[in-house]
Amino acid sequence: MGREPEDYVDKELIEEIEAATVNPDAALDQSTCVITVLEPNPTKLLPAPTIKVRHGRAPTPQEKAEIAAMLSYRRDHDSKGELKFVKRFILPLNPGFDEFGNMYVRVGDAPETLFSAHVDDVDNAGGRRGVFLKGGNAYLKKGSQAHCLGADNAAGCWLLMELCRAKVPGLYIWHRAEECGGKGSKFFVKENRPMLTGIKRAIAFDRRSVHSIITHQRSERCCSDTFADELAEKLSLYMPNALMTHFKKDDTGSFTDTANYTDIVAECTNISVGFYEEHSRSESLDLWHLCGLRDACLKVRWDDLPTVRDPKKPEFKYSSYSHWSGSTYNGPTYSRSNESVLTHSSAQPKVYIPKGRRHDKKKGKGRARILWDKTKQGVTVPAIKGVSPAAWAQWEHELMEADTRDSLRGMTLEQLVEEFPREVADILESCGYSPSTLADDIARYWPLG
Ligand SMILES: [Zn+2]
């Protein structure tokens, strides 16, 4: 039967890949990076591949080559790999730089749409990594020293390059240091405010899977349902081989750069670009989805999308890691069940919203509880006639969230992990960690310890 397809390295195709990349001067160093393309070889009589109907479309050889080359750079923040990636793929677009190193290109005179991706990944070094393509997906090559494939967020970087090259009007930002707490976007928002004048929507291409239009990040609303529904409908309509329900609004977002724009930009979202199990060695990228999404994005009339959300009015949802939701809530005793407070408005009762708390490890059986002290530092809020229980609950929730946030701000990461192990576990999970991928990452520190 000859060799297994997995051993097969097509030299000609590697040459084709080299020729098709945007900067032929920066040739792949094959001692550190071999791109193995596992496609049927026309010169061998292999059985015809099984054809599966899948959404999106097959990548062209040029697209495949460029995306695989982008994935092959290990892009730890501030590493040589990140720098080389930027030189090879972003510099040809002639971007501007801010002092943090965020790169931007403006297409059109007064763009209303911001497109966002990030150049860093969670690998622990720079350099190159082996990538292989199989069945329209990209994976990290077996035995690679790298810690991830880096489709998060090479996929988004590529989409921005494509839209920018197609002259779709927009402000394109390739952020740095997203994986280090969104430092790059935080800097951009603070230091380049005038550039954001007139921006009505911020679109990140940095979400796993293939269906999501993110409406909430870390439980705070980032775009309106109206906007998300409309965008989901348009993308589903234009996505090759997809159902009309392919994209759907999704309120389970964790964090990406556009979360840092929600105070200024009305509609901020994050769209699924087709990667799975990001931040791990088993990360993969669905190239069919990515290329189909590229086509769909070229057809969307971004400036016709509705603008509904008021960036001055933050809105929260109850989330799995809020201290006061579900059974983990050990909080204040004033509550929305106290109907007399809500309905006896003629007496204008005062309601004390308590501030301040202390941690009580004994009562929490090892887990910190937040105890609300009703007697100290109370702020007085008059009950409002006709306020609905839902509105009350929402408002109460927001106040408590802001209050808790303030009181935890001074703690170190280690203290937060120790005090809130369950919450931290939930947050890690929502960031894509599983027990096994976290174990992998922790194990890496043992030789140092
Ligand atoms: Zn990302």
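Me: Which residue of β8 does T113 stand opposite?

Reply: In this predicted model, T113 stands opposite R201 of β8. The pairing behind that is between strand β4, residues 113-118, and β8, which run in the parallel sense and are linked by four bridges.

Me: What else does β8 pair with?

Reply: Strand β13, which covers residues 267-276, pairs with β8 in the parallel sense as well, over six bridges. Within that pairing, I203 has T269 of β13 as its bridge partner.

Me: Is β8 buried or exposed, then?

Reply: Eight of the eight residues of β8 are buried, so the strand is largely enclosed by the rest of the structure.

Me: OK, stepping back, how many helices and strands does the chain have?

Reply: There are twelve helices and 18 strands in the chain. The chain has 449 residues, and buried ones make up 36% of them. Among the contacts with a separation of 6 or more, 78% are between residues 24 or more positions apart.

Me: Where would I see an example of residues far apart in the sequence coming together? G56, maybe?

Reply: G56 and L290 can serve here, since they are 234 residues apart along the chain while their C-alpha atoms are separated by 7.3 Å. Leaving out residues up to four places away in sequence, G56 touches M239, P240 and N241, and also W288, H289, C291, G292 and L293. As for its place, G56 is in the loop between β1, residues 35-38, and α2.

Me: Does a loop residue like that count as buried or exposed?

Reply: G56 counts as buried, because it has 24 C-beta neighbours inside 10 Å, and the cut-off for buried is 20 or more.

Me: And α2, which comes after that loop, is it covered or not?

Reply: Helix α2 is mostly covered, with eight of its eleven residues buried. The buried residues are K64, A65, E66, I67, A68, A69, M70 and L71.

Me: What angle do α2 and α4 make?

Reply: Helix α2, residues 61-71, packs with α4 at an angle of about 140°, and the two axes are 9 Å apart. The contact is made by E66, I67, M70 and L71 on the α2 side, and by A151, A154, C157 and W158 on the α4 side.

Me: Why do you call that oblique rather than antiparallel?

Reply: The angle is about 140°, and only angles over 145 degrees count as roughly antiparallel, so α2 and α4 are oblique to each other. The crossing of α2 past α4 is right-handed.

Me: M70 and C157 are both in that contact. Which residues have the most contacts inside the largest nonpolar core?

Reply: That core has 75 residues, and those with the most contacts inside it are M70, A138, A155, C157 and L159. Helix α4, which covers residues 151-165, gives the most to this core, with nine residues. As general background, nonpolar side chains in soluble globular proteins tend to be buried together.

Me: What does C157 touch, apart from its neighbours in sequence?

Reply: Setting aside neighbours within four places in sequence, C157 is in contact with M70, F89, A117, V119 and W174.

Me: A138 was on the core list too. Which strand is joined to β6 there?

Reply: Strand β5, residues 131-134, is joined to β6, residues 137-140, by four bridges, and the two strands run antiparallel. K134 has N137 of β6 as its bridge partner. The two strands form a hairpin with two residues between them, and G135 in the turn has a positive phi of about 55°.

Me: Changing topic, where are the unusual backbone angles in residues other than glycine?

Reply: One of them is N94, whose phi is near 55°, a positive value; N94 lies in the loop between α3 (80-90) and β2 (96-97). Another is S209, with a positive phi near 65°, in the loop between β8 (201-208) and β9 (212-214). For comparison, most residues other than glycine have a negative phi.

Me: Are those two buried or exposed?

Reply: N94 is exposed, with 8 other C-beta atoms within 10 Å. S209 counts as partly exposed, with 13 C-beta neighbours inside 10 Å.

Me: Last one, which residues does the cis peptide bond join?

Reply: The cis peptide bond joins D152 and N153, with an omega of about 15°, and N153 is found in helix α4.

Conventions
Residues are numbered from 1 along each chain as its sequence is written. This is a predicted model: local features need pLDDT of at least 70, side-chain atom pairs count only at pLDDT 80 or more; totals for chains, interfaces and linings use all residues. A nonpolar core is a set of buried Ala, Val, Leu, Ile, Met, Phe, Trp, Tyr and Cys residues joined through C-beta atoms within 7 Å. A residue is buried if 20 or more other C-beta atoms lie within 10 Å of its own, exposed if 12 or fewer, and partly exposed in between; C-beta atoms are placed from the backbone. Two residues are in contact if their C-beta atoms, placed from the backbone, lie within 7 Å. Two strands pair if DSSP finds at least two bridges between them. Axes are lines fitted to C-alpha atoms, for helices over the stretch in contact, and angles run from 0 to 180 degrees between N-to-C directions. Angles under 35 degrees count as roughly parallel, over 145 as roughly antiparallel, 65 to 115 as roughly perpendicular and the rest as oblique. A crossing is left-handed if the near helix is turned anticlockwise from the far one by less than a right angle, and right-handed if clockwise.
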